[in-house]
Amino acid sequence: EVGVRKVLGSVKSQLVAQFLTESILTSVLAMLLALVISELVSIFFRNTLWEGMGGSLLEQKGLGLLLLVLVLVVGVVAGSYPAFFLSSFKPVDVLKGKLKLGMKSGVIRSILVVFQFAVSIGLIICTILVYKQLQHIQNQNLGFDKENVLVITNTDRLGSNAGAFKQALQSLPPVLSTSFSTGLPAASIDYDIFYADGASKKDNLLAFVSTDYDYLKTLSIQIKQGRNFSRDFPADASEEGGAILINEAAAKSLGWKEPIGKKLFSGRDNQTRIIVGIFKDFNFQSLHHIIEPLLILYSAQGDYLSVRVRPGEVKQTLTSIERLWKTYAPNAPFDYSFLSENFDAQYKTEQQTGQLFMVFTGLAIFIACLGLFGLAAFTAEQRTKEIGIRKVLGANVFSLMHLLSRDFLKLVIIANLIAWPMAWYLVSTWLQDFAYRTTIEPWTFVVAGMLALAIALVTVIFQAFKVAQANPVVSLRVE
């Protein structure tokens, strides 16, 4: 076309303008389609990933100017190669067929395909490792049992009926245990200064919760040494000090090998408490953090009431609990949640990240396949006569498919070599935010690479098969 136009009198500036105009028009059409897709995707995000997300994309300020600039930039950048490169061809060379535009001369096209597949492979690796980390979190031994625990949050509305309400709950056959507390895993935890009785005062800020007798039982937290709070020891609930429990991390932090019987002074209420038990470490914070020292003080009431229900009977028991709530707090709403959901909600960002990686991975793979398919079609078109000659000389379909596919598979292998170190760096940096993280294993990279190779092979093989099956007589007539 360029050769014919130049022979008919077109100058280079006219050809440049033609190619840029075509490219910008294509960019405009793509933008219109992208707006429709983006609006649909934003609706999906609002309904599934980010509740309360902003309104329609089209309502965003300054969007029109941004889209105009984007259309022009994409159109000019995409159209600059054909505009300035193709328009410089000499018409004599073009019309005589002396120009060779096969794979070897298509360096830019090859680089773009490598880039597209490098991005796709990197996203595949990231997606696998994000979900691997989420599985690691879900399977991590937390040191307590978060399943089948109902948490009632507005217990202050019970007033003087709090004790009676708890007893009424314990009379329900499916209810295994109940406990008042000022803190729970995935809930707010208070901090105060605690130090060994008799030691010099120093800043020793430790986390603590105040609970009744049944906190450890309700959350299935094990005592490692000593004992739990007990009604058999009235001094545990004494208003002047009383007993205190500490976790293993607190014992280590305080430097005690035998803490049982030792005393801790609290800056919170200026009381001295005796350590009666050490409970095993459990993750009262998210797995982004290591287990910190934690103290448990006695208190008959608290901000939360945890109710452990027999597995499989949560839904029917919930109705009975709500009925009792309306009896003891008739003017207060029944606000509740599940401990497992509260704990898992801490990783909502990671779950959203995983979902986004899946969306963008699929999109990147699709775009990479488009690029690879276009390059395969272009190369096959340039080698039509060669394929016809090879068929006349006895080449079979399989050998021709291998001939056309191997160059593209080399590009995907190169993309793997680029994507692997980049993906490893990105994922290892992201995992640094977790105190408990999964391992980055070689099989993840191998699987991603093999998947990309399979996708590339399927993409190319269709075009290769089509060309290899063509009648060699027709192929040899191609000028």
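Let's start with L363, which counts as partly exposed because its relative accessibility is 44%. This leucine sits in helix α11. Please keep in mind, as you look at the structure, that this is a predicted model.

So who keeps L363 company? Together with F44, V359, F360, F366, I367 and L370, L363 makes a nonpolar surface patch of about 660 Å². If you want to find the patch on your screen, go to helix α11, residues 348-382, which gives the largest share of it, six residues.

Now let's move from the surface to the empty spaces. Rolling a probe the size of a water molecule over the atoms shows where empty space is left. How many cavities of 30 Å³ or more does that give here? The count comes to two.

The largest cavity has a volume of about 50 Å³. Around it you will find L134, I137, Q138, D344, Y347 and Q351. Which element gives the most to this lining? That is α5, with three residues. In character, the lining is a mixture: three residues are nonpolar, two are polar and one is charged. Hold on to the name D344, please, as this residue of the lining will come back in a moment.

The second largest cavity comes in at about 30 Å³. Its lining is formed by A376, A380, L404, F408, V460, Q463 and A464. Three elements, α11, α13 and α14, the last running over 442-468, each give two or more residues to that lining. The largest share, three residues, comes from α14. Here six lining residues are nonpolar, one is polar and none is charged.

Next, a pocket. The second largest pocket has a volume of about 150 Å³. Its walls are made by F115, A118, V119, G122, L123, C126, A419, M422, A423 and L426. Two helices supply at least two of these residues each: α5, which spans 107-139, and α13, which spans 397-431. Of the two, α5 provides the largest share, with six residues. And what is the lining like, nonpolar, polar or charged? Nine of its residues are nonpolar, one is polar and none is charged.

While we have α13 on screen, follow the chain into the loop between α13 and α14, where you will meet E441. With a relative accessibility of 29%, E441 counts as partly exposed. Try picking E441 and L129 together: they are 312 residues apart in sequence, and their C-alpha atoms are 9.2 Å apart in space.

That brings me to the last topic, salt bridges. The structure holds 10 of them, and I would like to show you three.

The first on my list brings back D344. Its partner is K146, and the closest N and O atoms of the pair are 3.6 Å apart. K146 is in the loop between α5 and β1 (149-152), while D344 is in helix α10 (residues 339-344), so this bridge ties together parts that are 198 residues apart in sequence. Are the two partners buried or exposed? K146 is buried, with a relative accessible area of 12%, whereas D344 is partly exposed at 29%.

Next on my list is the bridge between K166 and D214, with a distance of 3.2 Å between the closest N and O atoms. K166 belongs to helix α6 (residues 162-170) and D214 to the loop between β4 (205-211) and α7 (215-219), so the bridge ties together parts 48 residues apart in sequence. Both K166 and D214 are buried. These two also have company: K166, D212, D214 and R231 are linked in a network of salt bridges.

My last pair is E248 and K224, whose side chains meet at 2.8 Å, N to O. E248 lies in helix α8 (residues 248-254) and K224 in strand β5 (residues 223-226), so here the parts tied together are 24 residues apart in sequence. E248 counts as partly exposed because its relative accessibility is 23%. K224, on the other hand, is exposed, with a relative accessible area of 52%; the cut-off for exposed is over 50%.

Thanks for listening, and do turn the model around for yourselves!

Terms used
Residues numbered from 1 in each chain as written. Predicted model: local features only at pLDDT ≥ 70, side-chain atom pairs only at ≥ 80, totals over all residues. Heavy atoms only, no water. 1 Å grid on protein atoms, 1.4 Å probe; cavity = no way out; pocket = protein on both sides within 12 Å on 5 of 7 lines; lining within 4 Å. Points joined across faces, edges and corners; volume = space filled by probe spheres on them. Helix = DSSP H or I, 4+ residues; strand = E, 2+ residues; numbered from the N terminus. Nonpolar A, V, L, I, M, F, W, Y, C, P; charged D, E, K, R; others polar. Patch = residues over 30% accessible without salt bridge, like charges linked within 9 Å, V, L, I, M, F, W, Y side chains within 5 Å. Areas by Shrake-Rupley, 256 points an atom, 1.4 Å probe, with all protein chains shown as cover. Salt bridge = Lys/Arg side-chain N within 4 Å of Asp/Glu carboxyl O. Buried < 20%, exposed > 50% of the residue type's maximum accessible area, 1.4 Å probe, protein only.
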